[in-house]
Structure formats: C-alpha cells, structure tokens
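Got the viewer open? Here's a short walk through the model, one selection at a time.

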Amino acid sequence: MTEGETGPGFPPPELQNLKLTMTSIMKNDTAAGKIVIGRYANVLLDYWFKRTFGDESRKRLLLLFLREIIPERDILDLTYAPQEHISPFESMRSVRVDVECTDQAGRRFVVEMQLSRQDGFYERALFNTTFAIQEQMREGEDSYMFPEVYFIGVMKFSFHAGSGRVRYTYTLREDASGEVMTDRVKFIFLELPNSVDAWDKPESTVLDKFCYALYKLPDLESKPEGLEEEIFRILFESSEIVTFTPQERTKYIYDMTTERDIRNQLAFARKEGREEGREEGREEGREEGRQSAADKLAELGVDPEIIEKATGIKVG
C-alpha cells in the first residue's frame, strides 16, 4: 500500500469490517483491542498533516498559517512545489518533505512535521533546506541572490520544555556581534507542547493559539472559545471526522492503529534502552532499543519515512 492510498485493495482485509465509533474524546481501548475515535482527527500524523496543509483545496489554511509564522512578510498567494528531491548521492534515497511551496515573490517555504525527538533533527532540517536553495538558482546565472528560504519545523516535542514559548527562530549570524551574515535562510521551529502554557495568556498570539489547537485537536469536543479567526474555522471544519469520505474514515482508523503500534514499540524501546543503558553504562543500549523498534515497525509494513520520523533510525 502506498502512502495515502484509498483505491482498489484498500482497506486491507483486517480492516474491512472495522466501523468508525464517534465519542466525545479520542482514546485507546487497549483492553478491547480497538481504537475509539473522537470528533476531530489527529492532523499531526504524516498523511493527515499533508492532507491538511498540502492539498490545493486547503491552501488557504497554509497561507494563513505562514502569515502568522512570518508576519513581517506580505504573503499574498502560494504555489505548491514538488515534495521530492533527488539526492546527489547514489547510496541515499531521494528526500521527501511534507509540504513545500513558494509565494508570489518567489520565497520558498519548507514545512516539516516531526512527531518525536531524535538526534540530528536540526542537521536534517539544514540538509533538507539545501535542496530548496539550490533549486532556486537558475542555470547560467552568476548571482547568488536567491529568494529567501524558510524551513518551518512543526514539532510534537520540545527542546525547551517549560519555557512557555512556542516559536524559536534561527538565522546565520556572527557570534560576537550578532551581525547577520545573510537573511536569505531562516529556520523556524514551533514547539507545540509549549503552547499548553502559552495559548490562553493575555499576551497570547494567534500563532500560540493555533499551535495549541493543532496539538490538542484529537482531545477537543468543540472549538474552544476565543478561537474566532478564519484560520481556526478552516482547521476545525477540515479536521472533523464526520466530514470525511468513507474511504478517508477507514484510512484514518488504519493510521491510528499504526500510530498506536508505533507508540507501543517506542515505549518498549525506551524501556529496553534504559535497562540496557543502565546495565552497560553506555549510549549503545539506548541506540539498540531504537533500532529494535525501527526493525519491528518495518516488519509491520510501516512507511520508512514515518519510521525515521518516529525513531530517528533509517531503514530500507
């Protein structure tokens, strides 16, 4: 099954008789061995993030999102760009990003969703951004004044837990003076867990509130009061599961089942890694735990890109 497939052969046999259950809140009924679904979908999962922000019919939502993230730029329109970039190295598979687009001024935006913390996340963001830079250089041109490139990492974890701050921006600057080397490349990371403390303060921004909505969407029974802007209306309407097609509902249940398997495998890997790390007194124990989880997820047929995002381990 390819990512997002809902054609012939989908759903797989084990899900053909599965029914969607609507309740006031999403939860895992592990005792009964089934998934119970709430009113709104978890749009942080791979396919559903792309459906929410990378689909032409919901381009308005991405436009409003980028305006909140980068208010200093007058973003009027967006054009989606290819998500796949061919690696220059034969031994490395092509690079796929979640969403990529350009605005009316040629500025390039790379938007990536990351579910769990992993080693080298910032370095991977830098690597993925190089493709957007190179592809803006026209053949035969000597000028390196390419349009601005923004990498936007939407993170379901935090490097700055407890800070109450959602947005972190990085640029290329001189260490001592802070002088900007170039303003052509910027990295913006949104730490969604921090929005829990930030969203309902008097000084909260629309971005703080939107990040909270993204983070808590599967747990919400209705749109919270005070979220009246257009960006919230589009998000909640497009994420309401009763508006999904029958095939989308079935795929969502399938993805939620896979997501539960991933969480269980990661929980086991962390426990196994901690135990081995204590016994052996070195990082290899934790690494072996992550590798074990990645191998088991691969056996389940989980997409390699999803495995890498969840565990930090490349497979295939």
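How many aromatic pairs does the structure hold? There are 24 of them, and since this is a predicted model, every one comes from computed coordinates. We'll get to a couple of them after a look at the sheet.

**Stop 1: the sheet.** Select the strands in the order E3-E6-E7-E8-E10-E9 and you have an open sheet of 6 strands with mixed pairing. Now go to the edges: strand E3 (78-80) and strand E9 (167-173) each have a single partner strand, so one side of each is left without a neighbour in the sheet. Look along the strands and you'll see that neighbours are turned by 25 degrees against each other on average, direction ignored.

**Stop 2: E8 and E10.** Pick residues 149-155 for strand E8 and residues 180-191 for strand E10; the two run parallel and are joined by 7 bridges. To get your bearings, click Gly153, which stands opposite Phe189 in E10.

**Stop 3: the helix on the sheet.** Bring up helix H3, residues 121-134. H3 packs on the sheet, where it touches strand E6 (99-103), strand E7 (108-114), E8, E9 and E10. Compare directions and you'll find that H3 makes about 125 degrees with E10.

**Stop 4: rings around H3.** Show the side chains of Phe121 and Phe157, an edge-to-face aromatic pair with 5.8 Å centre to centre and 70 degrees between the planes. Phe121 lies in helix H3 and Phe157 in the loop between E8 and E9, so the pair ties together parts that are 36 residues apart in sequence. Buried or exposed? Phe121 and Phe157 are both buried. Then widen the selection: Phe121, Tyr122, Phe151, Phe157, Phe159, Tyr170, Phe187 and Phe189 form one aromatic cluster. You've already met Phe189, the residue opposite Gly153.

**Stop 5: another ring pair.** Jump to Phe244 and Tyr252. Their ring centres are 6.3 Å apart and their planes stand at 80 degrees, so this pair is edge-to-face. Switch on a surface here: Phe244 is buried, with a relative accessible area of 4%, and Tyr252 counts as buried at 0% relative accessibility.

**Stop 6: charges over rings.** Which residue has its charged end over the ring of Tyr168? Select Arg165: its charged end sits 4.1 Å from the centre of that ring. For your last click, try Lys251, which lies over the face of Tyr47 at 4.7 Å from the ring centre.

Conventions:
Residues numbered from 1 in each chain as written. Heavy atoms only, no water. Pairing = 2+ DSSP bridges. Helix = DSSP H or I, 4+ residues; strand = E, 2+ residues; numbered from the N terminus. Axes fitted to C-alpha atoms, helices over the stretch in contact; angles between N-to-C directions. Contact = heavy atoms within 4.5 Å. Phe/Tyr/Trp six-rings, centres within 6.5 Å; stacked < 30°, edge-to-face > 60°. Buried < 20%, exposed > 50% of the residue type's maximum accessible area, 1.4 Å probe, protein only. Lys NZ or Arg CZ within 6 Å of the ring centre and 35° of its normal.
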